[in-house]
Amino acid sequence: MLILGIESSCDETAAAVVRDGREILSSVISSQIELHRPYGGVVPELASREHLEKIEPIVTEALSRAGIAMKEIDAIAVTQGPGLVGSLLVGVSYAKSLAFGLGIPIVGVNHIEGHVYSVAFDNPQVEYPAMALIVSGGHTNLFHIPEEGKYKVVSRTRDDAAGEAFDKVAKMLGLGYPGGPEIERLARSGETGKVKFVKAKISDGTPDFSFSGLKTAVSRHLAETPPESDQDAADLAAGFQDAVVTALVSTMEKQAAEYRPRTLIVAGGVACNLALREAAEKAAARLSLPVYFPSKHLSTDNAAMIAASGYFHLRLGQKAGLDLTADVTLRLQNIDLPVNGKASGRKRFRT
Ligand code: KG4
Ligand code: ZN
């Protein structure tokens with residue numbers, strides 16, 4: 001089955017052609033990083049305007065790189081939410097009109113589930129139960145996945161997402177946007193133990209994550225002991241990165257010991273981070289489990305992962321009707337995708 005995936009939930013306009021959920025024929029991404037860089041973050045209004053301009057050429061490019069004619073596509077998978085409503089609406093409206101014109105099925109995909117499926121391409125088949133740590137600019141969740149398509153959130157962030165913490169701390173250090181890769185680069189020449197940050201404890205004892213205290217601790221450290229050299233700044237970046245990685249991986253390890261998955265998944269933009277990958281690999285080795293990461297270009301937002309997730313739902317006969325619309329509140333917990341066109345009754349934004 002040839003699926004055209006379309007992703008426009010945040011600041012990447014992306015389209016991909018994927019065969020049977022596992023073989024990428026093409027994956028095209030138009031990033032808006034340069035557009036938003038002067039503002040130090042994504043400006044929603046600018047993002048949706050840019051998606052509107054890019055969506056058609058990006059889809060055309062994906063089809064041409066795949067060597068596929070429009071009429072050869074069997075189905076369309078489009079990100080339905082969560083994300084920025086204006087951005088989501090561009091992808092959803094475009095995908096719906098295309099599906100309607102071609103007379104083919106369309107399925108709305110949860111962006112976070114898309115990240116889970118980003119490991120479908122360069123790894124062996126995921127064995128269930130699985131445990132997935134999804135760490136991006138907008139989300140930080142740890143899922144127990146008892147069987148394919150069923151999700152239970154076992155840990156989530158109480159405040160900032162991990163990527164957001166990287167971005168904010170990078171800003172404090174006067175580094176560029178997005179901050180994750182900048183911090184990682186600086187941390188490489190730093191020493192991890194030089195600046196130590198204590199792990200946030202959630203007062204009600206839940207295994208949730210919290211990164212806003214860490215951000216405040218970095219800000220206090222900067223005010224009290226401003227870095228006097230590049231080495232000081234690098235040590236600070238290394239200490240911060242280590243605190244985030246330790247919080248993420250130690251929680252995943254603890255929860256995995258409890259839920260006993262057969263596969264670990266670490267995905268999302270922050271999964272580009274090598275320190276996180278190494279720590280997750282060590283934890284997986286201690287648990288004698290395989291850990292799968294997406295290849296680097298599939299860690300950040302892309303449409304191949306949306307097509308892979310869509311393939312799973314389409315095979316189950318789940319498809320949307322023409323009332324499909326963006327849903328910024330979409331959650332990946334006991335998701336109820338509309339089956340055979342029946343609406344799910346969630347809060348909707350009309351297209
Ligand atoms: O998945 P993604 O492209 O978009 C969202 O769905 O949010 O993730 C983007 C996030 C940004 O916050 C960025 O700073 C972070 O991923 N990121 C990294 C690295 N590369 C990207 N964080 C830490 N280390 C990296 N190497
Ligand atoms: Zn994402």
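User: Hi! What covers the buried residues of α5?

Analyst: Hi! This is a predicted model, and in it the cover over the buried residues of α5 includes β6, β7 (140–145), α6, α7 and α8.

User: Which residues of α5 are buried?

Analyst: Ala162, Gly163, Ala165, Phe166, Val169 and Ala170 are buried in α5. Seen down the helix axis, they fall within an arc of 155 degrees, so they line one face of α5.

User: Thanks. And what happens to phi at Gly174, just after α5?

Analyst: Gly174 takes a positive phi there, about 75 degrees.

User: Back to the packing. At what angle do the axes of α5 and α8 cross?

Analyst: They cross at roughly 175 degrees, and the axes come within 11 Å. The two helices are therefore roughly antiparallel to each other.

User: Which residues meet there?

Analyst: From α5 you have Ala162, Ala165, Phe166 and Val169, and they meet Phe240, Gln241, Val244 and Leu248 of α8. Sorted by class, this contact has seven nonpolar residues, one polar and no charged ones.

User: Let's do α6. Which of its residues are buried?

Analyst: In α6, which spans residues 179–188, the buried ones are Gly179, Gly180, Ile183, Glu184, Leu186 and Ala187. They cover an arc of only 165 degrees around the axis, which puts them on the same side of α6.

User: What covers them?

Analyst: The cover includes α5 (162–172), α8 (230–259) and α9 (274–287).

User: What about Glu182, is that one buried or exposed?

Analyst: In between: Glu182 counts as partly exposed, at 23% relative accessibility. Leaving out residues up to four places away in sequence, Glu182 touches Leu175 and Gly176. Glu182 and Ala237 are 9.4 Å apart in space, C-alpha to C-alpha, with their places 55 residues apart in sequence.

User: Now the big picture. Which residues touch the most other members of the largest nonpolar core?

Analyst: Those are Phe211, Phe240, Leu248 and Val266, in a core of 46 residues. The elements giving two or more residues to this core are β6 (130–135), α5, α6, α7 (212–224), α8, β9 (263–267) and α9. Of these, α8 gives the most, with 14 residues.

User: What is Phe240 in contact with?

Analyst: Setting aside neighbours within four places in sequence, Phe240 is in contact with Ala165, Phe166, Val169, Ile183, Phe197, Leu214 and Val218. There is also a second, separate core of 35 residues, which includes Ala75, Tyr151, Ala304 and Ala308.

User: I have Val78 selected. Where is it?

Analyst: Val78 is in strand β4, residues 75–81. Its relative accessible area is 1%, so Val78 is buried. Not counting residues up to four places away in sequence, what Val78 touches includes Ile6, Val92, Ile106, Val109, Ile306 and Leu324. The C-alpha atoms of Val78 and Thr225 are separated by 48 Å.

User: Switching to charged side chains: is Lys215 buried or exposed?

Analyst: Lys215, which lies in helix α7, is buried, with a relative accessible area of 17%. Beyond its neighbours within four places in sequence, Lys215 is in contact with Asp160, Lys168, Val169 and Met172.

User: And Asp235, buried or exposed?

Analyst: Asp235 counts as buried, at 5% relative accessibility. This residue lies in helix α8, and apart from its neighbours within four places in sequence, Asp235 is in contact with Gly190, Glu191, Lys194 and Val195.

User: Time for backbone checks. Which residues does a cis peptide bond join?

Analyst: One such bond joins Gly81 and Pro82, with omega about -10 degrees. Another joins Tyr177 and Pro178, with omega about -5 degrees. Pro82 is in the loop between β4 and α3 (85–102), while Pro178 lies in the loop between α5 and α6.

User: Which residues other than glycine have a positive phi?

Analyst: Asp20 has one, near 50 degrees, and so does Arg260, at about 50 degrees. Most residues other than glycine have a negative phi. Asp20 is in the loop between β2 (12–19) and β3 (23–31), and Arg260 is in the loop between α8 and β9.

User: Are those two buried or exposed?

Analyst: Asp20 counts as partly exposed, at 36% relative accessibility, whereas Arg260 counts as exposed, at 65%.

Note on methods: Residues numbered from 1 in each chain as written. Chains lettered and ligands numbered in written order. Predicted model: local features only at pLDDT ≥ 70, side-chain atom pairs only at ≥ 80, totals over all residues. Heavy atoms only, no water. Buried < 20%, exposed > 50% of the residue type's maximum accessible area, 1.4 Å probe, protein only. Helix = DSSP H or I, 4+ residues; strand = E, 2+ residues; numbered from the N terminus. Arc of directions from axis to C-beta. Contact = heavy atoms within 4.5 Å. Axes fitted to C-alpha atoms, helices over the stretch in contact; angles between N-to-C directions. Parallel < 35°, antiparallel > 145°, perpendicular 65-115°, else oblique. Nonpolar A, V, L, I, M, F, W, Y, C, P; charged D, E, K, R; others polar. Core = buried A, V, L, I, M, F, W, Y, C linked by side-chain atoms within 4.5 Å.
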